[in-house]
Amino acid sequence: ALESTKASELDLEKGLEMRRWVLSGILASEETYLSHLEALLLPMKPLKAAATTSQPVLTSQQIETIFFKVPELYEIHSFMVELVEGARMLRHVFLFTDLLLCTKLKKQSGGKTQQYDCKWYIPLTDLSFQMVDELEA
């Protein structure tokens with residue numbers, strides 16, 4: 001019985017390690033995605049300004065096509081404030097294809113890449129939204 005307990009503990013530990021590894025990979029790819037969105041925002045602003053001049057580099061329509069929804073995507077890559085027992089907490093929220101993940105940014109030390117603590121998550125199948133008028137009632 002002792003050997004089977006040790007084996008199941010090892011399996012559990014392996015499973016947790018695998019989850020950590022997968023999650024760190026997802027977070028790394030999310031950070032890369034955000035840095036690419038930031039990089040796209042840099043040339044977009046001067047191109048938009050030039051579009052209203054007599055010699056635009058790109059037309060407003062071309063800019064809208066090339067940079068379609070980039071500012072909006074950058075903005076929603078949701079951080080947000082969560083109300084926890086009356087206190088406001090800064091959170092970073094990641095939307096995946098099947099999961100909404102709420103995290104807290106860990107304190108940085110020695111130039112490490114950003115690391116997050118998972119605060120909560122919810123499968124999208126369990127997610128429901130309330131309309132503003134329902135909340136006010």
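**Salt bridges, cysteines and strands**

Let's start at one residue. Lys 106 is partly exposed, with a relative accessible area of 34%. Keep Lys 106 in mind; we will come back to its partner. One caution before we go on: this is a predicted model.

Now the overview. The protein chain has 137 residues. Of these, 18% count as buried. The accessible surface comes to about 11100 Å². Carbon and sulfur atoms account for 60% of that surface.

How many helices and strands are there in the protein chain? Four helices and four strands. Walk along the sequence and the pattern reads α-α-α-β-β-β-β-α. In words, three helices come before the four strands, and one helix follows them.

Let's take the strands. Strand 2 covers residues 87-95. Strand 3 covers 99-105. Strand 2 and strand 3 make a hairpin, with three residues between them. The two strands run antiparallel, and four bridges join them. For a place to look, find His 92: Thr 103 in strand 3 stands opposite.

Next, strand 3 and strand 4. Strand 4 spans 116-123. How many bridges join strand 3 to strand 4? Seven, and here too the strands run antiparallel. One pair to find is Leu 99 with its bridge partner in strand 4, Pro 123. That puts strand 3 in both pairings, with strand 2 and with strand 4. One general point while we are on strands. In a regular strand, side chains alternate between the two faces of the sheet.

On to the charged side chains. Side chains of opposite charge can pair when their charged atoms come close. In this structure there are three salt bridges. We will take them in sequence order.

The first to look at is Glu 17 with Arg 20. Their closest N and O atoms are 3.0 Å apart. Where do these two residues lie? Both sit in helix 1, which runs over residues 2-50. They are three residues apart, about one turn of the helix. Glu 17 is partly exposed, at 47% relative accessible area.

Next comes Glu 82 with Arg 91. Their side chains meet at 2.8 Å, N to O. Is Arg 91 buried or exposed? Buried, with a relative accessible area of 6%.

That brings us back to Lys 106. Its side chain meets that of Asp 117 in a salt bridge, 3.7 Å from N to O. Lys 106 lies in the loop between strand 3 and strand 4, and Asp 117 is in strand 4, so the pair ties together parts that are eleven residues apart in sequence. Asp 117 is partly exposed, with a relative accessible area of 34%.

Last stop, the cysteines. How many disulfides does a search of the whole structure find? Zero. Take Cys 102, which is in no disulfide. The nearest cysteine sulfur belongs to Cys 118, 7.9 Å away. The cut-off for a disulfide is 2.5 Å between the sulfur atoms. Cys 118 is in no disulfide either, and its nearest cysteine sulfur is that of Cys 102. Now compare how the two sit. Cys 102 is buried, with a relative accessible area of 1%. Cys 118 is partly exposed, at 41%.

To recap: four helices and four strands, three salt bridges, zero disulfides. That's it from me.

Terms used: Residues are numbered from 1 along each chain as its sequence is written. This is a predicted model: local features need pLDDT of at least 70, side-chain atom pairs count only at pLDDT 80 or more; totals for chains, interfaces and linings use all residues. Side-chain values use heavy atoms; hydrogens and water are left out. A salt bridge is a side-chain nitrogen of Lys or Arg within 4 Å of a carboxyl oxygen of Asp or Glu. Buried means under 20% relative accessible area, exposed over 50%, partly exposed in between (1.4 Å probe, protein chains only). Accessible areas come from the Shrake-Rupley method with a 1.4 Å probe; for residues, only the protein chains shown count as cover. Two strands pair if DSSP finds at least two bridges between them.
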